[in-house]
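Visitor: I would like a close look at one part of this model. Please start from a single pairing and work outwards.

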Amino acid sequence: MRSSLISKRYFIILLAGLLLSAMSAFGESTFVTKGSRAASLDSCVAPTNVMRRNHMDFLKHGRDDTVLDGVRGLEYSLSECIDCHASTGQSGKAMPVDAEGEFCQECHGYVAVSPACFQCHRTTPEKKGNKYGYHKDESFFVESTSQPAGIQRD
Amino acid sequence: MSKKGDQPSMERRQFIGGTIAAAGAVTIAPGVILHAVADTNQRTEGASSEHRWGMVIDANKCADGCTACVDACNSEHGLTDLGRPETDAAWIRTVKLKDKQTGNISRLPVMCQHCEHPPCVDVCPTNASFKRADGVVLVDRHRCIGCRYCMMACPYKARSFIHEALSDQSVSAPRGKGCVESCTLCVHRIDEGVMQTACQEACDKDGHAAILFGDLKDPNSEISQVLKKYNSVQIRGDLELNTGVRYRNL
């Protein structure tokens, strides 16, 4: 009887401890990856809570304006998300935002929502200075050629 | 996805903010209307039906063995050469035509002709294939299901299908597996006000100047002047699609 009481008490303490640590981890975490430009800023283009809730809607409106009507330079732009939120890896290269542990994937993996954006959109910042004209960047074509044909769907 | 009903209303907050801002603007001085807050972002105006973008290509000036336009297009839009010519994307193809009677060979680059009445738009089941207000025919990849009807419908064989998963795309040309694509007439340049396509830039740089891009609706534009002065044809003009790309000396 006594032993079961103790084990019950321990169990509750353990549970409370776990809950507390989980909560504190959740509360403290900003989900902004170290080494990204976003980490040095106070907030995104809108307050953090607004962005967390509505970023997908902002992007969806913007994409239709841009693709269908040719309106560019919108306040909410996916390429700017990537410019700001991509962190720099150990090799000095930018990490893809949809890689494990990176900004987009961190939350999207948690909520099990696949960000389909990156089937088409670039996941690392593009080098500045070649907005138009030739892509002189040598690393430009390298990675995609090594990918096996027709295996990866998303 | 979450239902929209559980979202806090942002409209109310914006309405209050907007009302305060409006009141502020009015009270500055009677009779003076201040144009709202300065536009912080560089929002462009977008496509307008006052323009119709097109090209004239001079087949005589297109040099044998030159692939400058194709290479420039590939690098501008990040079209990767995967070493599989049957399935690799090609927004521009160089075509050789031989007159069997005379043996005369003419060369010309063929890309999306940006028809006024595009068959690809007619057949698209999801409205992914569309024509912009300024006459540029595009694929909205957010809607494209990859059925390839448009590829069948296009008389110019201008469209490509992406067969393989991609990475490291160009920011100005997002593209991915399972979508159809074709020449965009460099819309990202048009929208930013750069009046030169990548292919024209490369062709000019190589000194051939076979490609001329411009506004077909503006009678004073260089392209309109050239078209007025010289004879030009549409490929498969019999289809009456009224293409935006025309050819000289063909």
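Visitor: In β3(B), which residue is the bridge partner of B:Lys96?

Guide: The partner of B:Lys96 is B:Arg107. Keep in mind that this is a predicted model.

Start with the two strands. B:Lys96 belongs to strand β2 of chain B, residues 93-98. Strand β2(B) is joined to β3(B) by six bridges, and the two run antiparallel. They form a hairpin with six residues between the strands. One residue of this hairpin, B:Gly103, has a positive phi near 80 degrees.

Now follow β3(B) to its packing. This strand covers residues 105-110. The buried residues of helix α6(B) pack against β3(B), and also against α2 and β8 of chain B.

Helix α6(B) spans residues 198-205. Because six of its eight residues are buried, the helix is largely enclosed by the rest of the structure. The buried set starts with B:Ala198, B:Cys199 and B:Gln200, and continues with B:Glu201, B:Ala202 and B:Cys203. Just past the helix, B:Gly207 adopts a positive phi of about 85 degrees.

Next, the helix pair. Helix α2(B) covers residues 68-77. Its axis and that of α6(B) come within 8 Å and cross at roughly 135 degrees. At that angle, α2(B) counts as oblique to α6(B). The crossing of these two helices is right-handed. On the α2(B) side, the residues that meet α6(B) are B:Ala68, B:Cys69, B:Asp71, B:Ala72, B:Cys73 and B:Glu76. On the α6(B) side, they are B:Ala198, B:Cys199, B:Glu201, B:Ala202 and B:Cys203.

The other partner of α6(B), strand β8(B), leads into a sheet. This open sheet has three strands in the order β8-β1-β9 of chain B, with mixed pairing. Strands β8 (211-215) and β9 (245-248) of chain B are its edges, and each pairs on one side only. Direction ignored, neighbouring strands here are turned by 20 degrees against each other on average. Helix α7(B), residues 222-229, packs on the sheet and touches β1, β8 and β9 of chain B. The direction of α7(B) makes about 110 degrees with that of β8(B).

Within this sheet, strand β1(B) covers residues 53-58. Four bridges link β1(B) to β9(B) in the parallel sense. For B:Met55, the bridge partner in β9(B) is B:Val245.

The loop between α7 and β9 of chain B contains B:Asp238. Here the setting is open: B:Asp238 counts as exposed because it has 8 C-beta neighbours inside 10 Å, and the cut-off for exposed is 12 or fewer. Compare B:Gln200, one of the buried residues of α6(B). B:Asp238 and B:Gln200 are 38 residues apart along the chain, and their C-alpha atoms are separated by 27 Å.

Step back to the whole chain. Chain B has seven helices and nine strands. Of its 250 residues, 38% count as buried. Among contacts in chain B with a separation of 6 or more, 60% come from residues 24 or more positions apart.

A last word on chain A and its confidence. Chain A averages a pLDDT of 75, with 67% of the residues scoring at least 70. Among its elements, helix α2 (residues 48-69) has the highest mean pLDDT, 92, and helix α5 (residues 142-145) the lowest, 36. Residues 24-28 of chain A fall below 50, and that stretch has zero contacts beyond near neighbours in sequence. Residues 133-154 of chain A also stay under 50, but there the model has 31 contacts beyond four places in sequence.

Notes. Residues are numbered from 1 along each chain as its sequence is written. Chains are lettered from A and ligands numbered from 1 in the order in which they are written. This is a predicted model: local features need pLDDT of at least 70, side-chain atom pairs count only at pLDDT 80 or more; totals for chains, interfaces and linings use all residues. Two strands pair if DSSP finds at least two bridges between them. Axes are lines fitted to C-alpha atoms, for helices over the stretch in contact, and angles run from 0 to 180 degrees between N-to-C directions. Two residues are in contact if their C-beta atoms, placed from the backbone, lie within 7 Å. A residue is buried if 20 or more other C-beta atoms lie within 10 Å of its own, exposed if 12 or fewer, and partly exposed in between; C-beta atoms are placed from the backbone. pLDDT is the predictor's confidence in each residue, from 0 to 100. Angles under 35 degrees count as roughly parallel, over 145 as roughly antiparallel, 65 to 115 as roughly perpendicular and the rest as oblique. A crossing is left-handed if the near helix is turned anticlockwise from the far one by less than a right angle, and right-handed if clockwise.
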